[in-house]
Amino acid sequence: MTDRPRHIPDARSAPFETRERCAITEVLNDPAFPGASLALAEVGAGITTERHALDVAEAYLIVSGRGRMEAGDLTAEVGPGDAVVIPAGAPQRITALGDAPLVFHCLCAPRFTPDGYTPLEDAP
């Protein structure tokens, strides 16, 4: 991390679709701040994300919609205001329940990088 304050104008990425079957907007994911990253995820109604693992710890903070979270040996129904903490290496996936998308923040520590994503099922 830099030893000086830094301004990052409009640090957000454009939303992009992932192999994981969700849309991601990187809110902050900058090498100058390696300790953490923050993204906004949207999973379409009725969609289950790809089962996967990350090499970093992750927390989901549910913004809207309802879902079923599976992480390691945890299965939980989640909704607005809920958080799920996922240790590095834990298998995980989430399903958007009902007829509305599931929207949540993904906080990774340290910072997420694509090479830390391990798919645990065959590509669609």
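Contact here means heavy atoms within 4.5 Å of each other. By that yardstick, and skipping residues up to four places away in sequence, I86 touches A57, E58, Y60, M69, A71 and Q92. This is a predicted model, where local features need pLDDT of at least 70 and side-chain atom pairs count only at pLDDT 80 or more, while totals for chains, interfaces and linings use all residues. Numbering starts from 1 along each chain as its sequence is written, and side-chain values use heavy atoms, with hydrogens and water left out.

**Nonpolar cores**
- A nonpolar core is a set of buried Ala, Val, Leu, Ile, Met, Phe, Trp, Tyr and Cys residues joined through side-chain atoms within 4.5 Å; buried means under 20% relative accessible area with a 1.4 Å probe, protein chains only.
- The largest one has 18 residues, and V43, Y60, M69, I86, I94, L102 and F104 touch the most other members.
- A second, separate core of five residues includes L54, V56, F112 and Y117.

**Aromatic pair**
- Searching the whole structure turns up one aromatic pair (Phe, Tyr or Trp rings, six-membered for Trp, with centres within 6.5 Å).
- The ring centres of Y60 and F104 sit 4.5 Å apart with planes at 40°, so the pair is tilted (neither under 30 degrees, stacked, nor over 60, edge-to-face).
- Y60 lies in strand β5 (residues 57-64) and F104 in strand β10 (residues 102-109), 44 residues apart; strands are DSSP E runs of at least two residues, numbered from the N terminus.
- Both Y60 and F104 are buried.

Key
Helices (H or I, at least four residues) and strands (E, at least two) are DSSP runs, numbered from the N terminus. Buried means under 20% relative accessible area, exposed over 50%, partly exposed in between (1.4 Å probe, protein chains only).
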